[in-house]
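Q: Please take a close look at the salt bridges in this model. Then set them in the context of the rest of the chain.

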Amino acid sequence: MFTKIKTILAAQGYAMRDIIKLTVFVAGDPKLGGKMDFAGMNDAFRMFFGTAENPNTVARSTVQVAALAGPAFLVEIEATAAK
């Protein structure tokens, strides 16, 4: 998910450090009894923010939703970037 965002940003001349806000929608994971995988989301977040490559962190909201547009989707991320 974050790799795709990184690629889209790069195509427009932006980088992950330019993200100023994330809104993360997480559907309940059937493997977790319908609860969102918040720990997994945080693990992925830490791979792209607060790193040597990108020491920045970002404002974010993470919410659990009943479902996403694709029945197999568990995460949708809305990113806002600015320079």
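A: A salt bridge here means a side-chain nitrogen of Lys or Arg within 4 Å of a carboxyl oxygen of Asp or Glu. The model is predicted. By this rule the count comes to 2 salt bridges. Side chains of opposite charge can pair when their charged atoms come close.

Start with the pair inside a helix. R46 and D43 meet through their side chains, with N and O 2.8 Å apart. Both residues belong to helix α2. They sit 3 residues apart, about one turn of the helix. D43 has a relative accessible area of 43%, so D43 counts as partly exposed.

Now the other pair. K6 bridges to E53, and their closest N and O atoms are 3.0 Å apart. K6 lies in helix α1, while E53 lies in the loop between α2 (38-46) and β2 (59-65), so the contact ties together parts that are 47 residues apart in sequence. Exposure can be read for each partner. K6 is partly exposed, at 31% relative accessible area. E53 counts as exposed, because its relative accessibility is 61% and the cut-off for exposed is over 50%.

Next, the setting. The chain has 2 helices and 3 strands. Along the sequence they follow the pattern α-β-α-β-β. The C-alpha trace spans about 40 × 25 × 20 Å along its principal axes. Of the 83 residues in the chain, 29% are buried.

Helix α1, which holds K6, also helps to line the largest pocket. Both α1 (2-11) and β3 (75-81) supply at least two residues of that lining. The lining consists of M1, K4, I5, I8, V75, E76 and I77. By class, 5 of these residues are nonpolar, 2 are charged and none is polar. The space in the pocket comes to about 180 Å³.

V75 links this pocket to a surface feature. V75 lies in strand β3 and is one of the lining residues. V75 also belongs to a nonpolar surface patch with M1 and L74. Together the three have about 220 Å² of accessible area. V75 itself is partly exposed, at 31% relative accessible area. That value passes the patch cut-off of over 30%. M1, too, appears both in the pocket lining and in the patch.

To return to the request: one bridge lies within helix α2, and the other joins helix α1 to the loop between α2 and β2.

Terms used. Residues numbered from 1 in each chain as written. Predicted model: local features only at pLDDT ≥ 70, side-chain atom pairs only at ≥ 80, totals over all residues. Heavy atoms only, no water. 1 Å grid on protein atoms, 1.4 Å probe; cavity = no way out; pocket = protein on both sides within 12 Å on 5 of 7 lines; lining within 4 Å. Points joined across faces, edges and corners; volume = space filled by probe spheres on them. Helix = DSSP H or I, 4+ residues; strand = E, 2+ residues; numbered from the N terminus. Nonpolar A, V, L, I, M, F, W, Y, C, P; charged D, E, K, R; others polar. Patch = residues over 30% accessible without salt bridge, like charges linked within 9 Å, V, L, I, M, F, W, Y side chains within 5 Å. Areas by Shrake-Rupley, 256 points an atom, 1.4 Å probe, with all protein chains shown as cover. Buried < 20%, exposed > 50% of the residue type's maximum accessible area, 1.4 Å probe, protein only.
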